[in-house]
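Work through the exercises below with the sequence and the model open side by side. Each task is followed by a solution in steps.

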Amino acid sequence: MSLSQDLRARREAIIREHFESENRHDFEATLATFHHPRYELIATHDVHDGPAAVMRYFKQTRSAFPDQRNRLLTMHVADDAVITEFELSGTHLGNYRGLPPTGRSFTTRMIAVFQFEGERLVCERVYFDAADILRQLGIAHDPLTLKGRLATALNHPLTVGGAFLRQALRRVRGDDRR
């Protein structure tokens, strides 16, 4: 199926309004871009289905990241979807998913696949690297750096338990060498 120029233009306009209304925090307008609001966040396995669930998602994320913004980088129109690449940024100033605010900011690239039925938007499926965001917020660490190796060793129960057991065995044997 090949899209008409008119349908292509309508879909692009819907996506632009979707992004712009999110940046304005005009979530009623964002919801209006959908025929049926549905967000699928692949990295976290979260699905927000229906107007009330999507509005809760908006309120939770903007409470945690009140300055959250997106910057559309590319848009590709396919037969049944619009695929976008964008940059998302924000500052962690409120609780989110049990994490207290760090006061730190993040900027990361993401992909969103907006699924359409005709000219009706029915789902936004978002792909992103959650670990990248957590590293920028100071919550996770790159295991290839010294700081990351130390954090892993200090926080991983098997690592800590194993190290404690090895140290205790060395003391019992009278061997303090590593």
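**Exercise 1.** List the residues in contact with phenylalanine 114, leaving aside its neighbours within four places in sequence.

Solution. The model is a predicted one.
- Step 1. With those neighbours set aside, phenylalanine 114 contacts Ile15, His18, Phe19, Asp80, Ala81, Val82, Thr84, Leu121, Cys123 and Glu124.
- Step 2. One of these, valine 82, has phenylalanine 114 as its bridge partner in E5.
- Step 3. Both residues recur in the largest nonpolar core, which has 31 residues: Ile15, Phe58, Val82, Phe86, Phe114 and Phe116 touch the most other members.
- Step 4. Helices H1 (5-24), H2 (27-32) and H3 (51-64) each give two or more residues to this core, as do strands E1, E3 (69-77), E4 (81-91), E5 and E6.
- Step 5. As background, nonpolar side chains in soluble globular proteins tend to be buried together.

**Exercise 2.** Trace the pairing of the strands from E3 to E6, then place E1.

Solution.
- Step 1. E3 and E4 run antiparallel and are joined by eight bridges. Threonine 74 is opposite glutamate 85 of E4, and the hairpin between the two strands passes through three residues.
- Step 2. E4 pairs with E5 over eleven bridges, again in the antiparallel sense.
- Step 3. E5 (residues 105-117) pairs with E6 over seven bridges, also antiparallel. Here isoleucine 111 stands opposite tyrosine 127 of E6.
- Step 4. Two residues lie between the strands in the hairpin of E5 and E6, where glycine 118 has a positive phi near 65°.
- Step 5. E1 (residues 38-41) runs parallel to E6 (residues 120-127), with three bridges between them. Glutamate 40 has arginine 125 as its bridge partner in E6.

**Exercise 3.** Which residues other than glycine have a positive phi in the loop between H1 and H2 and in the loop between E4 and E5?

Solution.
- Step 1. The background to the question is that most residues other than glycine have a negative phi.
- Step 2. Histidine 25 sits in the loop between H1 and H2, and its phi is positive, near 60°.
- Step 3. Histidine 25 counts as partly exposed because its relative accessibility is 26%, a value between the cut-offs of 20% and 50%.
- Step 4. In the loop between E4 and E5 lies arginine 97, whose phi is positive at about 55° although it is not a glycine.

**Exercise 4.** Is serine 21 buried or exposed, and which residues does it touch beyond four places in sequence?

Solution.
- Step 1. Serine 21 belongs to helix H1.
- Step 2. Serine 21 is buried, because its relative accessibility is 0% and the class takes values under 20%.
- Step 3. Not counting residues up to four places away, serine 21 touches Asp26, Ala29 and Thr30.
- Step 4. Leucine 31 is ten residues from serine 21 along the chain, and their C-alpha atoms are 9.2 Å apart.

**Exercise 5.** Describe the surroundings of glycine 103.

Solution.
- Step 1. Glycine 103 is in the loop between E4 and E5.
- Step 2. Its relative accessible area is 45%, so glycine 103 counts as partly exposed.
- Step 3. Leaving aside neighbours within four places in sequence, glycine 103 is in contact with Thr91, His92 and Leu93.
- Step 4. Phenylalanine 65 is 38 residues away in sequence, and its C-alpha lies 9.5 Å from that of glycine 103.

**Exercise 6.** Characterise the largest pocket by volume and lining.

Solution.
- Step 1. The largest pocket holds about 500 Å³ of space.
- Step 2. Its lining has 27 residues, and those nearest the centre are Tyr57, Leu88, Tyr96, Phe128 and Ile133.
- Step 3. By class, the lining divides into 17 nonpolar, five polar and five charged residues.
- Step 4. At least two lining residues come from each of H1, E1, H3, E4, E5, E6 and helix H4 (130-136).

**Exercise 7.** How many helices and strands does the protein chain have, and in what order do they run?

Solution.
- Step 1. The protein chain has six helices and six strands.
- Step 2. Read from the N terminus, the order is α-α-β-β-α-β-β-β-β-α-α-α.
- Step 3. Of the 178 residues in the protein chain, 35% are buried.
- Step 4. Among contacts with a separation of 6 or more, 52% are between residues 24 or more positions apart.

Terms used
Residues numbered from 1 in each chain as written. Predicted model: local features only at pLDDT ≥ 70, side-chain atom pairs only at ≥ 80, totals over all residues. Heavy atoms only, no water. Pairing = 2+ DSSP bridges. Helix = DSSP H or I, 4+ residues; strand = E, 2+ residues; numbered from the N terminus. Core = buried A, V, L, I, M, F, W, Y, C linked by side-chain atoms within 4.5 Å. Buried < 20%, exposed > 50% of the residue type's maximum accessible area, 1.4 Å probe, protein only. Contact = heavy atoms within 4.5 Å. 1 Å grid on protein atoms, 1.4 Å probe; cavity = no way out; pocket = protein on both sides within 12 Å on 5 of 7 lines; lining within 4 Å. Points joined across faces, edges and corners; volume = space filled by probe spheres on them. Nonpolar A, V, L, I, M, F, W, Y, C, P; charged D, E, K, R; others polar.
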